[in-house]
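Dear colleague,

Please find below the sequence and the structure that I am handing over to you. My findings follow directly after them.

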Amino acid sequence: MPEFQTPMAVLGLVGLVAYVLGSVPFGLVMARLFGLGDIRRIGSGNIGATNVLRTGNKPAAFLTLILDAGKGGIAVLLARWLFAEDAAQVAGFAAFMGHCFPVFLGFKGGKGVATFLGTLLALFWPAGIAACLTWAATAAISRISSLSALVAAFLAPVWMTLLGMPEANLVTVALAALIFVRHQKNIERIRDGSEPRIGK
């Protein structure tokens with residue numbers, strides 16, 4: 001993270017607001033708006049776009065994807081616009097934490113992939129695009145959403161360094177590590193060959 005330019009009290013407020021924004025469970029909201037019921041009782045029980053897609057409702061899944069990515073991106077862009085780069089990175093991390101551990105759902109949230117990618121796009125768009133392309137390429141080859149997320153997360157700090165923003169590597173590594181933590185059960189299923197494939 002770059003040298004602090006924003007007062008610590010302000011960073012704390014930025015983090016709190018971004019966390020609350022990140023806590024908004026758009027998957028749950030979209031499922032209810034589209035009459036799909038409680039998404040936590042469907043498929044994997046996750047509140048993210050992949051599980052919403054398991055209902056067969058592509059518009060609801062697409063909106064969930066965009067909104068979950070958007071809350072990370074908006075948090076970063078607003079904090080950067082109002083304050084400085086350190087605030088942007090704090091906001092991105094806090095929004096991601098809000099999605100994974102939302103106060104509105106008893107701290108039981110999603111796995112953070114869309115919010116992770118949206119945050120990366122806002123922090124440094126070339127690395128964000130590279131991460132999205134990594135996800136897409138891995139998904140096209142493996143047809144496994146969780147594996148695609150893990151590969152994209154693993155390579156995200158590499159893209160940050162190679163494409164020219166190494167100062168964002170600390171927050172990127174932290175986010176990537178949390179992606180791996182949130183996907184522990186998926187990793188186990190990938191290892192034993194039981195992880196569901198996209199479209200099934």
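I begin with the charged pairs. In this predicted model, Arg-80 and Glu-85 join their side chains in a salt bridge, with 2.8 Å from N to O. Arg-80 is partly exposed, at 26% relative accessibility, whereas Glu-85 is buried, at 18%. In general, side chains of opposite charge can pair when their charged atoms come close.

A second pair is formed by Asp-38 and Arg-40, whose closest N and O atoms are 3.0 Å apart. Here Asp-38 is buried, with a relative accessible area of 19%; this value falls under the 20% limit for a buried residue. Arg-40, at 36% relative accessibility, is partly exposed.

The side chains of Glu-195 and Arg-189 also meet in a salt bridge, at 2.7 Å from N to O. Glu-195 is buried, with a relative accessible area of 11%, while Arg-189 is partly exposed at 28%. Beyond single pairs, Asp-38, Arg-40 and Arg-41 are joined into one network by salt bridges that share partners. The count of salt bridges comes to five.

I turn next to the cysteines. How many disulfides are there? The count is zero. Cys-100 is in no disulfide, and the nearest cysteine sulfur, that of Cys-132, is 17 Å away. Because a disulfide requires two cysteine sulfur atoms within 2.5 Å, the 17 Å between the sulfur of Cys-132 and that of Cys-100 is too far for a bond. As for their surroundings, Cys-100 is buried, with a relative accessible area of 1%, and Cys-132 is partly exposed at 25%.

The surface also deserves your attention. Val-29, Leu-33, Phe-34, Phe-62, Leu-63, Leu-65, Ile-66 and Leu-67 make a nonpolar surface patch of about 680 Å². Which helix gives the most to the nonpolar patch? Helix 4 does, with five residues. At least two residues of the patch come from each of helix 2 (26–33) and helix 4 (58–82). Leu-67, one of the patch residues, lies in helix 4 and is partly exposed, with a relative accessible area of 30%.

Finally, I would draw your attention to helix 8, which covers residues 145–163. Its 19 residues should span 27 Å at 1.5 Å a residue, and the C-alpha atoms at its ends are 25 Å apart, so the two values agree. Where does helix 8 bend? The bend, of about 35°, is at Leu-155, and a proline, Pro-157, follows within four residues. Pro-157 is also among the buried residues of helix 8, as are Ser-145, Ser-146, Ser-148, Ala-149, Leu-150, Ala-152, Ala-153, Ala-156 and Met-160. As background to such a list, an α-helix has 3.6 residues a turn, so residues three or four places apart point the same way.

To recapitulate for your reading of the model: there are five salt bridges and zero disulfides. The nonpolar patch has an area of about 680 Å², and helix 8 bends by about 35° at Leu-155.

With kind regards

How values were computed
Residues numbered from 1 in each chain as written. Predicted model: local features only at pLDDT ≥ 70, side-chain atom pairs only at ≥ 80, totals over all residues. Heavy atoms only, no water. Patch = residues over 30% accessible without salt bridge, like charges linked within 9 Å, V, L, I, M, F, W, Y side chains within 5 Å. Areas by Shrake-Rupley, 256 points an atom, 1.4 Å probe, with all protein chains shown as cover. Salt bridge = Lys/Arg side-chain N within 4 Å of Asp/Glu carboxyl O. Buried < 20%, exposed > 50% of the residue type's maximum accessible area, 1.4 Å probe, protein only. Expected span 1.5 Å × (residues − 1). Bend = angle between axes of the 7 residues up to and from the residue.
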